[in-house]
Amino acid sequence: MVTFDLAALPTCTRCVLSVTRQRVVVGSGPTTPALLIVGEAPGASEDEGGEPFIGRSGRLLFRLLDEELSLRREDCFVTNVVKCRPPNNRVPHRAELEACRGWLDAQLAAVTPRAVVTLGNTAARAVFGGSEPMARAHGQLHPISGVSGLATYHPAAALRGGERVTQLLRRDLQLLAPLLAAS
Ligand code: URA
(Lines give C-alpha, C1' and ligand atoms only; values in the text may rest on other atoms or scores of the structure.)
Protein backbone atom coordinates (compact mmCIF):
# COMPACT_ATOMS: atom_id res chain seq x y z
CA MET A 1 0.00 0.00 0.00
CA VAL A 2 1.28 3.48 -0.88
CA THR A 3 1.56 5.74 2.16
CA PHE A 4 1.30 9.51 2.08
CA ASP A 5 3.37 10.67 5.04
CA LEU A 6 2.99 14.47 4.93
CA ALA A 7 6.63 14.85 6.04
CA ALA A 8 7.61 13.53 2.59
CA LEU A 9 5.40 15.93 0.62
CA PRO A 10 8.06 18.67 0.12
CA THR A 11 10.23 16.21 -1.84
CA CYS A 12 7.45 14.45 -3.79
CA THR A 13 8.32 13.18 -7.28
CA ARG A 14 5.11 11.23 -7.95
CA CYS A 15 4.33 13.03 -11.23
CA VAL A 16 5.97 15.01 -14.03
CA LEU A 17 5.16 18.37 -12.42
CA SER A 18 8.10 17.68 -10.09
CA VAL A 19 10.41 18.29 -13.07
CA THR A 20 9.21 21.82 -13.85
CA ARG A 21 8.15 23.16 -10.44
CA GLN A 22 10.40 25.35 -8.32
CA ARG A 23 8.94 23.96 -5.09
CA VAL A 24 6.11 21.86 -3.73
CA VAL A 25 3.42 24.18 -2.37
CA VAL A 26 2.30 22.06 0.54
CA GLY A 27 -0.28 24.41 2.07
CA SER A 28 -0.45 25.71 5.59
CA GLY A 29 -2.62 26.84 8.46
CA PRO A 30 -3.82 25.75 11.88
CA THR A 31 -4.87 22.10 12.38
CA THR A 32 -8.26 23.27 13.73
CA PRO A 33 -8.99 26.13 11.30
CA ALA A 34 -12.34 27.85 10.85
CA LEU A 35 -12.13 27.04 7.16
CA LEU A 36 -10.23 24.56 4.98
CA ILE A 37 -9.73 26.14 1.55
CA VAL A 38 -8.94 23.92 -1.44
CA GLY A 39 -7.82 25.51 -4.70
CA GLU A 40 -6.66 23.96 -7.97
CA ALA A 41 -2.87 24.22 -8.20
CA PRO A 42 -0.14 26.77 -7.48
CA GLY A 43 0.44 29.58 -9.97
CA ALA A 44 3.68 31.44 -10.66
CA SER A 45 3.64 33.50 -7.44
CA GLU A 46 2.99 30.42 -5.33
CA ASP A 47 5.67 28.35 -7.12
CA GLU A 48 8.07 31.19 -6.35
CA GLY A 49 6.90 31.93 -2.79
CA GLY A 50 5.98 28.44 -1.59
CA GLU A 51 2.53 29.32 -0.14
CA PRO A 52 -0.90 28.87 -1.77
CA PHE A 53 -2.90 31.89 -2.89
CA ILE A 54 -0.30 34.61 -2.41
CA GLY A 55 -0.86 36.15 -5.86
CA ARG A 56 -3.73 38.19 -7.35
CA SER A 57 -6.35 35.45 -6.86
CA GLY A 58 -5.39 35.11 -3.23
CA ARG A 59 -5.63 38.85 -2.60
CA LEU A 60 -9.20 38.85 -3.93
CA LEU A 61 -10.08 35.65 -2.04
CA PHE A 62 -8.88 36.93 1.32
CA ARG A 63 -10.50 40.33 0.80
CA LEU A 64 -13.86 38.63 0.20
CA LEU A 65 -13.39 36.26 3.16
CA ASP A 66 -12.62 39.23 5.38
CA GLU A 67 -15.54 41.30 4.11
CA GLU A 68 -18.14 38.49 4.19
CA LEU A 69 -17.00 36.32 7.11
CA SER A 70 -14.41 38.37 9.03
CA LEU A 71 -11.91 35.60 8.33
CA ARG A 72 -8.20 36.23 7.96
CA ARG A 73 -5.68 33.99 6.27
CA GLU A 74 -4.40 32.74 9.63
CA ASP A 75 -7.91 31.47 10.48
CA CYS A 76 -7.79 29.15 7.46
CA PHE A 77 -5.87 26.09 6.32
CA VAL A 78 -5.10 26.77 2.66
CA THR A 79 -4.09 24.14 0.13
CA ASN A 80 -4.61 22.93 -3.45
CA VAL A 81 -5.71 19.69 -5.08
CA VAL A 82 -2.38 19.59 -6.93
CA LYS A 83 0.67 20.78 -5.00
CA CYS A 84 2.99 21.69 -7.88
CA ARG A 85 2.55 24.34 -10.57
CA PRO A 86 1.46 23.00 -13.97
CA PRO A 87 3.49 24.66 -16.78
CA ASN A 88 1.81 27.87 -18.02
CA ASN A 89 -0.89 27.34 -15.38
CA ARG A 90 -2.67 24.74 -17.49
CA VAL A 91 -5.38 22.64 -15.85
CA PRO A 92 -3.79 19.63 -14.10
CA HIS A 93 -3.92 16.40 -16.09
CA ARG A 94 -5.76 13.35 -14.80
CA ALA A 95 -2.48 11.51 -14.01
CA GLU A 96 -1.30 14.50 -11.95
CA LEU A 97 -4.61 14.69 -10.07
CA GLU A 98 -4.44 10.98 -9.34
CA ALA A 99 -0.79 11.09 -8.26
CA CYS A 100 -1.48 13.98 -5.86
CA ARG A 101 -4.82 12.73 -4.48
CA GLY A 102 -3.31 10.92 -1.50
CA TRP A 103 -1.67 14.12 -0.24
CA LEU A 104 -5.01 15.94 -0.17
CA ASP A 105 -6.63 12.98 1.58
CA ALA A 106 -3.83 13.02 4.18
CA GLN A 107 -4.41 16.75 4.75
CA LEU A 108 -8.20 16.27 5.00
CA ALA A 109 -7.56 13.61 7.65
CA ALA A 110 -5.03 15.75 9.57
CA VAL A 111 -7.04 19.00 9.71
CA THR A 112 -10.33 19.52 11.57
CA PRO A 113 -12.06 22.58 10.10
CA ARG A 114 -15.55 23.88 10.81
CA ALA A 115 -16.24 23.98 7.09
CA VAL A 116 -14.54 23.32 3.75
CA VAL A 117 -14.65 25.47 0.59
CA THR A 118 -13.50 24.37 -2.85
CA LEU A 119 -12.57 26.99 -5.45
CA GLY A 120 -13.29 26.21 -9.09
CA ASN A 121 -14.19 23.10 -11.07
CA THR A 122 -11.03 21.09 -10.48
CA ALA A 123 -11.25 21.38 -6.69
CA ALA A 124 -15.02 20.80 -6.55
CA ARG A 125 -14.77 17.66 -8.68
CA ALA A 126 -11.77 16.31 -6.78
CA VAL A 127 -13.31 16.85 -3.34
CA PHE A 128 -17.04 16.34 -3.90
CA GLY A 129 -17.16 14.41 -7.20
CA GLY A 130 -19.65 15.24 -9.96
CA SER A 131 -19.04 17.00 -13.23
CA GLU A 132 -21.58 19.84 -13.30
CA PRO A 133 -20.43 23.18 -14.69
CA MET A 134 -19.70 25.73 -11.97
CA ALA A 135 -22.79 27.74 -12.98
CA ARG A 136 -24.80 24.86 -11.47
CA ALA A 137 -22.36 23.46 -8.88
CA HIS A 138 -21.68 26.75 -7.09
CA GLY A 139 -23.48 27.38 -3.84
CA GLN A 140 -24.08 23.67 -3.22
CA LEU A 141 -23.18 22.25 0.18
CA HIS A 142 -21.83 18.70 0.48
CA PRO A 143 -20.93 16.62 3.55
CA ILE A 144 -17.19 16.05 3.80
CA SER A 145 -15.18 14.65 6.74
CA GLY A 146 -18.10 15.24 9.12
CA VAL A 147 -18.57 18.92 8.21
CA SER A 148 -20.16 20.86 5.34
CA GLY A 149 -18.26 21.72 2.19
CA LEU A 150 -19.17 24.50 -0.21
CA ALA A 151 -18.37 24.53 -3.92
CA THR A 152 -17.82 27.98 -5.37
CA TYR A 153 -16.05 29.88 -8.13
CA HIS A 154 -12.29 30.20 -8.26
CA PRO A 155 -11.21 33.79 -7.51
CA ALA A 156 -9.32 33.76 -10.84
CA ALA A 157 -12.72 33.28 -12.53
CA ALA A 158 -13.97 36.30 -10.58
CA LEU A 159 -10.95 38.33 -11.74
CA ARG A 160 -11.72 37.32 -15.33
CA GLY A 161 -15.51 37.55 -15.03
CA GLY A 162 -15.70 40.87 -13.24
CA GLU A 163 -18.42 42.06 -10.91
CA ARG A 164 -21.00 39.43 -11.89
CA VAL A 165 -18.85 36.44 -10.88
CA THR A 166 -17.41 38.31 -7.89
CA GLN A 167 -20.95 38.82 -6.57
CA LEU A 168 -21.75 35.12 -7.02
CA LEU A 169 -18.58 34.17 -5.13
CA ARG A 170 -19.41 36.69 -2.43
CA ARG A 171 -22.96 35.33 -1.99
CA ASP A 172 -21.72 31.73 -1.90
CA LEU A 173 -19.27 32.62 0.88
CA GLN A 174 -22.14 34.09 2.90
CA LEU A 175 -23.60 30.55 3.07
CA LEU A 176 -20.68 29.61 5.32
CA ALA A 177 -21.55 32.13 8.05
CA PRO A 178 -23.95 29.88 10.03
CA LEU A 179 -21.56 26.92 9.69
CA LEU A 180 -18.65 28.90 11.09
CA ALA A 181 -20.75 30.32 13.93
CA ALA A 182 -21.90 26.84 15.09
CA SER A 183 -19.72 25.48 17.88
N1 URA B 1 -4.79 29.33 -7.86
C2 URA B 1 -4.97 28.19 -7.15
O3 URA B 1 -5.86 27.39 -7.44
N4 URA B 1 -4.17 27.97 -6.12
C5 URA B 1 -3.22 28.81 -5.75
O6 URA B 1 -2.53 28.52 -4.78
C7 URA B 1 -3.04 29.99 -6.49
C8 URA B 1 -3.84 30.24 -7.54
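This note goes through the ligand site, the largest pocket, the cavities and one aromatic pair of a predicted model.

1. The ligand and its surroundings. The residues that surround the ligand are Gly39, Glu40, Ala41, Glu46, Pro52, Phe53, Asn80 and His154. Three of these residues are worth looking at atom by atom. Glutamate 40 takes part through its backbone, where a polar atom is 2.8 Å from an oxygen atom of the ligand. Asparagine 80 takes part through its side chain, a polar atom of which lies 2.7 Å from a nitrogen atom of the ligand. Histidine 154 likewise places a polar side-chain atom 2.7 Å from the ligand, but here the partner is an oxygen atom.

2. The largest pocket. Its volume is about 580 Å³, and 25 residues line it, of which Glu40, Ser57, His154, Ala156 and Arg160 are the closest to its centre. A reader coming from the first point will recognise Glu40 and His154, which are also among the residues that surround the ligand.

3. How the pocket wall is built. Which elements give two or more residues to the lining of the largest pocket? They are helix 2 (44-49), helix 3 (56-69), helix 5 (120-128) and helix 7 (155-161), and helix 7 gives the most, with 4 residues. In character the lining of this pocket is mixed, since it divides into 10 nonpolar, 10 polar and 5 charged residues.

4. The largest cavity. A search of the whole structure finds 2 cavities of 30 Å³ or more, and the largest of them has a volume of about 80 Å³. It is lined by 13 residues, and those closest to its centre are Cys12, Cys15, Lys83, Cys84 and Cys100. Helix 1 and helix 4 are the elements that give two or more residues to this lining. By residue type, the lining of the largest cavity divides into 9 nonpolar, 1 polar and 3 charged.

5. The second largest cavity. This cavity has a volume of about 30 Å³, and its lining consists of Leu36, Leu108, Val111, Pro113, Val116, Ile144 and Ser145. Of these lining residues 6 are nonpolar and 1 is polar, while no charged residue is found in the lining of the second largest cavity.

6. An aromatic pair. The search of the whole structure finds 1 aromatic pair. Its partners are phenylalanine 4 and tryptophan 103, which are arranged edge-to-face, with 4.9 Å from centre to centre and 90° between the planes. Phenylalanine 4 belongs to the segment before helix 1 (17-20), whereas tryptophan 103 belongs to helix 4 (residues 94-110), so the pair ties together parts that are 99 residues apart in sequence.

7. Exposure of the two partners. Is tryptophan 103 buried or exposed? Its relative accessibility is 3%, and because buried means under 20%, tryptophan 103 counts as buried. Phenylalanine 4, in contrast, has a relative accessibility of 22% and therefore counts as partly exposed.

8. Aspartate 5. This residue is found in the segment before helix 1, the segment in which phenylalanine 4 also lies. With a relative accessible area of 49%, aspartate 5 is partly exposed. Aspartate 5 and valine 127 are 122 residues apart in sequence, and their C-alpha atoms are 20 Å apart in space.

Definitions and conventions. Residues numbered from 1 in each chain as written. Predicted model: local features only at pLDDT ≥ 70, side-chain atom pairs only at ≥ 80, totals over all residues. Heavy atoms only, no water. Phe/Tyr/Trp six-rings, centres within 6.5 Å; stacked < 30°, edge-to-face > 60°. Buried < 20%, exposed > 50% of the residue type's maximum accessible area, 1.4 Å probe, protein only. 1 Å grid on protein atoms, 1.4 Å probe; cavity = no way out; pocket = protein on both sides within 12 Å on 5 of 7 lines; lining within 4 Å. Points joined across faces, edges and corners; volume = space filled by probe spheres on them. Nonpolar A, V, L, I, M, F, W, Y, C, P; charged D, E, K, R; others polar. Near = heavy atom within 4 Å. Polar contact = N/O pair within 3.5 Å; in protein donor to acceptor, adjacent residues only side chain to side chain.
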